[in-house]
Amino acid sequence: MFITNLTQGVLLFVLYLFVANDNLTLTILLILAGLFGMLDAFFGPASTSLIPKIVAKKQLQRANAVFQGADQISFIIGPIIAGLMMETVSIAGSFLVATILVFFSAIFIFPPLIKEAAVGERISQSPLQDLKDGFHYVRSSNFLLIGLVVLITLNFFVFGALHVAIPLLVDTHGGSPLNLSFMEASLGVGMLLGSIILGAYTIKRRRGAMTLYGLLASLVLFIIFALVPSLTWLTIFIFFIGFSMVFVYIPFFTVAQENTDGHIMGRVMSIIFLAMNGFDPVSYGLVTGLVATGVSVQLVLFGLGVAGLLIWFIVFLRAKQFREV
């Protein structure tokens with residue numbers, strides 16, 4: 001995590017130099033964005049794997065909720081601060097501030113400052129073998145397998161589609177950039193509220209069932225969202241979609257962390273993050289591709305919601321053991 005943040009700070013500083021000297025091109029921006037995204041793929045699993053090593057098992061749900069809540073607060077406040085800086089200072093200045101903040105965050109995760117528990121088992125082997133071991137471990141766990149299907153369904157049919165559909169819906173309904181900001185903020189606030197509730201009330205039983213019902217609520221709300229013709233109601237419904245999604249992520253992460261062996265935690269969390277984020281770009285491409293061919297964005301979202309709901313019914317019927325965890 002420390003090396004990742006440090007490298008991201010360097011990339012942001014390079015981006016700042018390009019912007020400040022008016023030398024930034026689309027090619028350079030795409031390369032830097034790609035590198036930044038690759039580093040995020042290291043940071044996510046590492047940060048999630050670290051939580052069980054620094055908190056007791058009984059506090060895992062609360063820790064995950066706090067982590068998720070802090071993440072959402074950042075996504076809400078960050079764009080606002082960046083926008084204000086771009087308006088009052090400059091775009092280059094906003095990148096410089098971002099660079100300083102990322103370097104500052106690296107200080108907080110400097111390894112000697114974190115009381116990370118020692119690794120119980122170390123095995124020297126190739127990264128490919130590590131990956132194989134992770135997949136083998138996941139395949140041997142019914143809970144993890146079903147959980148991955150749930151995450152893929154949520155991120156492909158709901159979360160990924162939402163991200164690309166929000167600006168399209170705002171444009172379709174004749175909205176303004178302010179409407180776009182309201183909808184994005186509404187999603188973040190919904191997820192934040194859900195995180196606060198799960199941080200305050202620890203769920204100890206049937207967390208698998210909560211994960212499934214959270215997915216059901218997200219899909220049903222998403223289908224209604226696809227049919228709503230008003231930007232005001234879209235903003236309201238996207239709040240409840242964000243609220244529901246938290247009840248998928250946090251219970252599943254908590255149980256996965258509780259029941260995964262420490263020596264393989266990082267590999268399992270990497271696979272979980274792959275299931276979460278790997279299907280988002282596919283969803284982006286599907287939605288934009290269908291809209292480009294003339295299919296209305298509302299119809300695309302409705303179709304995705306119905307398909308996701310069918311998958312949910314199949315999973316629910318075959319996940320009796322998962323529901324009892």
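Confidence in this predicted model varies along the chain: among its elements, helix H5 has the lowest mean pLDDT, 74, and H12 the highest, 93. Over the whole chain the average pLDDT is 84, and 95% of the residues score at least 70. Where pLDDT is low, the predicted coordinates should not be read in detail.

The largest nonpolar core holds 69 residues, and those touching the most other members are Leu 144, Val 158, Phe 225, Met 245, Tyr 249, Ile 272 and Leu 301. The helices in the table each supply at least two residues of this core.

| Helix | Residues |
|---|---|
| H5 | 127-139 |
| H6 | 142-172 |
| H7 | 177-200 |
| H8 | 207-227 |
| H9 | 231-259 |
| H10 | 265-277 |
| H12 | 297-317 |

H6 gives the most to this core, namely 18 residues. With residues up to four places away in sequence left out, Val 158 touches Thr 153, Leu 219, Phe 222, Ile 241 and Met 245. Another core, of six residues, lies apart from the largest one; Leu 11, Leu 15, Leu 32 and Val 102 are among its members.

Two packed helices are described by the angle between their axes and the distance between the axes. For H8 and H12, the axes come within 8 Å and cross at roughly 160°. Because angles over 145 degrees count as roughly antiparallel, H8 is roughly antiparallel to H12. The crossing in which H8 passes H12 is left-handed. On the H8 side, the contact includes Leu 212, Leu 219, Phe 222 and Phe 225, while H12 contributes residues including Leu 301, Phe 302, Leu 309 and Trp 312.

Technical notes:
Residues are numbered from 1 along each chain as its sequence is written. This is a predicted model: local features need pLDDT of at least 70, side-chain atom pairs count only at pLDDT 80 or more; totals for chains, interfaces and linings use all residues. Side-chain values use heavy atoms; hydrogens and water are left out. A nonpolar core is a set of buried Ala, Val, Leu, Ile, Met, Phe, Trp, Tyr and Cys residues joined through side-chain atoms within 4.5 Å. Buried means under 20% relative accessible area, exposed over 50%, partly exposed in between (1.4 Å probe, protein chains only). Helices (H or I, at least four residues) and strands (E, at least two) are DSSP runs, numbered from the N terminus. Contact means heavy atoms within 4.5 Å. pLDDT is the predictor's confidence in each residue, from 0 to 100. Axes are lines fitted to C-alpha atoms, for helices over the stretch in contact, and angles run from 0 to 180 degrees between N-to-C directions. Angles under 35 degrees count as roughly parallel, over 145 as roughly antiparallel, 65 to 115 as roughly perpendicular and the rest as oblique. A crossing is left-handed if the near helix is turned anticlockwise from the far one by less than a right angle, and right-handed if clockwise.
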